[in-house]
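I opened this entry to look up how the strands are arranged and what packs on them. My notes follow the structure.

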Amino acid sequence: MAMKVYGPAASTNVARVLVCLEEVGLDYELVPVDMTKGEHKSPAHVSRNPFGQVPAFQDGDLILSESRAISKYILRKGGGSHLLREGNLSEAAMVDVWLEVESGQFDSAMSPIVFQCFVVPMFMGGTTDMKVVEENLEKLKKSLEVYEARLSRFKYLAGDFVSLADISHFPMAHYLLVGPHASVIDAYPHVKAWIADIMSRPSVKKVTELMEAAIRMN
Amino acid sequence: MAPVKVYGWAVSPFVARALLCLEEAGVEYELVPMSRAAGDHRRPEHLARNPFGQVPVLEDGGLTLFESRAIARHVLRKYKPELLGGGDLAASATVDVWLEVEAHQHHPAAGAVVKECVVSPLLGGAPDQAVVGENVEKLRRVLEVYEARLGRSRYLAGDLVSLADLSHFPIMRYFMDTEHAALVEALPRVKAWWEELAARPAARKVAELMPPNFGFSKKP
């Protein structure tokens with residue numbers, strides 16, 4: 001039975017899981033969850049993700065939630081462990097460090113920006129709160145300064161090897177690139193080149209197309 | 001061999017997370033004290049270790065790490081991997097899930113309550129009751145999920161204790177000193193799980209370094 005991912009492809013957390021499946025080439029089924037109709041709060045979905053969020057994931061009897069946990073499982077199971085480096089203590093530790101940075105610094109600044117610039121106008125009929133956007137752009141820039149210094153020394157975040165820490169950035173990076181604030185990365189040439197590198201991976205291109213198709217359908 | 005070093009102030013729940021893992025794994029370490037008030041975390045020598053200027057930092061041989069949850073994973077992977085689910089794919093995935101839940105669901109709510117109810121008063125401010133109310137409600141819903149979960153297994157990730165459980169200890173240590181501890185008291189399985197966690201020798205040892213007033217001197 002193919003693995004199942006529950007959630008809309010346009011969700012950054014769903015996209016993160018999809019890209020790992022594409023990286024390892026495992027068969028999967030993307031099961032839609034219509035969040036505009038509250039399906040993510042339905043008993044069926046909550047039985048898979050008790051916090052009523054997306055994605056949820058199923059592999060046989062195993063049900064998982066939380067995209068970064070699901071991603072690691074898929075990579076370990078599907079022959080993608082080179083993206084985690086768990087056979088090498090030092091490298092695995094650096095992957096973990098920058099995955100935490102992705103979650104705690106990059107995602108936490110990008111999420112309100114994407115919410116205000118995409119979700120509010122497109123799905124909620126509201127207006128972008130520019131104060132929230134500006135505040136978070138400032139936070140983002142502070143983080144990007146650190147990224148710039150790091151990527152001036154190493155080709156990728158965890159070292160000179162690509163890892164889940166890099167790829168995990170792509171969903172928010174995609175929305176940054178197609179949104180009104182893409183130029184923020186122009187001041188950080190190594191970051192800009194690194195993002196371009198990640199976005200050029202076949203797995204990332206494939207999932208980006210799925211994300212865009214899902215948005216067009218709405 | 002150089003001992004493991006942790007840089008930071010132990011009252012920080014993030015530093016405490018790192019110390020707890022070292023204690024659980026029985027690893028000898030040196031806590032290098034830093035002063036938040038003196039801005040040690042913003043000095044160049046610290047920024048060289050953690051470019052985000054935060055604590056903790058861990059040095060293990062030639063490896064320098066930051067981000068407390070990454071440090072925790074490294075310490076256990078190296079010194080006590082059974083606390084990460086061992087080599088079993090499903091078990092390690094489940095530990096990862098509940099670690100993410102701690103980070104994304106539990107900590108934002110519990111941390112906000114601690115910040116308003118404990119830290120703000122110590123700094124001479126008043127708790128923002130709207131923020132407290134909102135986060136108490138969020139935490140209630142999260143803990144209700146935990147209550148159901150703990151009805152199906154002894155610990156969050158299964159029948160063996162793991163980092164997923166341990167990772168909750170530091171912020172809960174402070175949360176349980178607030179009036180909102182009643183949230184936990186009202187959920188029998190969560191309460192028992194918390195009490196068992198806090199009774200672990202490693203947790204007791206680390207709690208000694210975490211006075212309820214965060215080490216601020218009491219106002220006269």
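Before reading off strand partners, I fixed the term: two strands count as paired if DSSP finds at least two bridges between them. The model is a predicted one.

Chain A. I looked up the strand order first and found an open sheet of 4 strands, β2-β1-β3-β4, with mixed pairing. At its edges I noted β2 (28–31) and β4 (62–65) of chain A, each of which pairs on one side only. From one strand to the next I read an average twist of 20°.

I then took β1 (residues 3–6) of chain A, which runs parallel to β2(A) and pairs with it over 4 bridges. Within this pair I found A:Lys4 opposite A:Glu29 of β2(A). Next I checked helix α1 (residues 12–24) of chain A, which packs on the sheet and touches β1 and β2 of chain A. The direction of α1 makes about 160° with that of β1(A).

Chain B. Here I found an open sheet of 4 strands in the order β2-β1-β3-β4, with mixed pairing. β2 (29–33) and β4 (63–66) of chain B each have a single partner strand, so one side of each lacks a neighbour in the sheet. Ignoring direction, I read an average turn of 20° between neighbouring strands of this sheet.

I followed β1 (residues 4–8) of chain B to β3 (residues 57–60) of chain B; the two run antiparallel and are joined by 3 bridges. I noted B:Lys5 opposite B:Glu59 in β3(B). Last, I looked up helix α3 (residues 68–79) of chain B, which packs on the sheet and touches β1, β3 and β4 of chain B. Its direction makes about 25° with that of β3(B).

Note on methods. Residues numbered from 1 in each chain as written. Chains lettered and ligands numbered in written order. Predicted model: local features only at pLDDT ≥ 70, side-chain atom pairs only at ≥ 80, totals over all residues. Heavy atoms only, no water. Axes fitted to C-alpha atoms, helices over the stretch in contact; angles between N-to-C directions. Contact = heavy atoms within 4.5 Å.
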